[in-house]
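Reader: Please take one part of this model and go through it closely. I would like the burial and the contacts of its residues set out in one connected account.

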Amino acid sequence: MDNKISIIVPAYNIEAYLPRTLDSILAQTYRNIEVIVVNDGSKDGTGAVIDRYAAQDHRVKAIHKENGGVTSARLRGVAEATGDRIGFVDGDDLIEPDMYERLLENALKYDADISHCGYRMVFPSRVDYYYNTGKLVEQDHDAGLRDLICGSFVEPALWNKLYRREVIGDILFEKGKYNEDDYFTYQVFDRAEKVAIVAKPMYNYLQRGGSIMGVGYNPRR
């Protein structure tokens, strides 16, 4: 089917969080999706959660592999993807019901290689909003890459974006380091001829203790 979206969800020891994440993905108003959930060698009940959802909804594809880190899980998901467009959702976050419908709408309207949106950073005691004006901006290659490098209006994370499959191509994530999102995103933006962003927070990045981004300074980062 045309305009199929492959949503890749890496999962490691998130049994308690994964169901709500998958529920938010499966509740998308855009229905032509496949949800590739990659169990990266979890030691808790994460694998069982994935299998249960795959049995209940044909759009969910369960992948089980030995532990190799989030990078290897995402790479496996990309290899399994069959969609025209690809998105990434972390297995402990939430997305708004119309996120992928809106991202695809903008991608098609503006012929954009990358379509992305604002987001919320959800802490236990507060919520921070990033890009919440509702404004839609169309960018050419130079403008998109400039704003990414300058940290202006473009977030280097993977998870609030929808990518044309061809723009990802053979680009690999950086292995063995944290912040591999940045390594990947800069390369993809360099390939993109057009980018569209709607400044509406539709991705909810949930901060919790023990997550990679919640730790302090580390030389690998």
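Author: Asp57 has a relative accessible area of 15% in this predicted model, so Asp57 counts as buried, the cut-off being under 20%. Asp57 belongs to the loop that runs between α2 (46-56) and β3 (60-65). A polar atom of the Asp57 side chain lies 2.9 Å from the backbone nitrogen of Arg59.

On one side of this loop is α2. The buried residues of α2 are Thr46, Gly47, Val49, Ile50 and Tyr53. These residues lie on the same side of α2, because the arc they cover around the axis is only 160°. Their cover includes β1 (5-11), α1 (18-26), β2 (33-40) and β3. Ala48, Ala55 and Gln56 are exposed, and they sit on the face of α2 that is turned away from its buried side.

On the other side of the loop is β3, a strand that is also among the elements covering the buried residues of α2. Lys65 lies in β3. With a relative accessible area of 18%, Lys65 is under the 20% limit and therefore buried as well. Leaving aside residues up to four places away in sequence, Lys65 touches Val38, Asn39, Asp40 and Gly41, and also Ser72, Ala73 and Arg76.

Taken together, the loop residue Asp57 is buried, and its side chain has a polar atom 2.9 Å from the backbone nitrogen of Arg59. Lys65 in β3 is likewise buried.

Definitions and conventions:
Residues numbered from 1 in each chain as written. Predicted model: local features only at pLDDT ≥ 70, side-chain atom pairs only at ≥ 80, totals over all residues. Heavy atoms only, no water. Helix = DSSP H or I, 4+ residues; strand = E, 2+ residues; numbered from the N terminus. Buried < 20%, exposed > 50% of the residue type's maximum accessible area, 1.4 Å probe, protein only. Polar contact = N/O pair within 3.5 Å; in protein donor to acceptor, adjacent residues only side chain to side chain. Contact = heavy atoms within 4.5 Å. Arc of directions from axis to C-beta.
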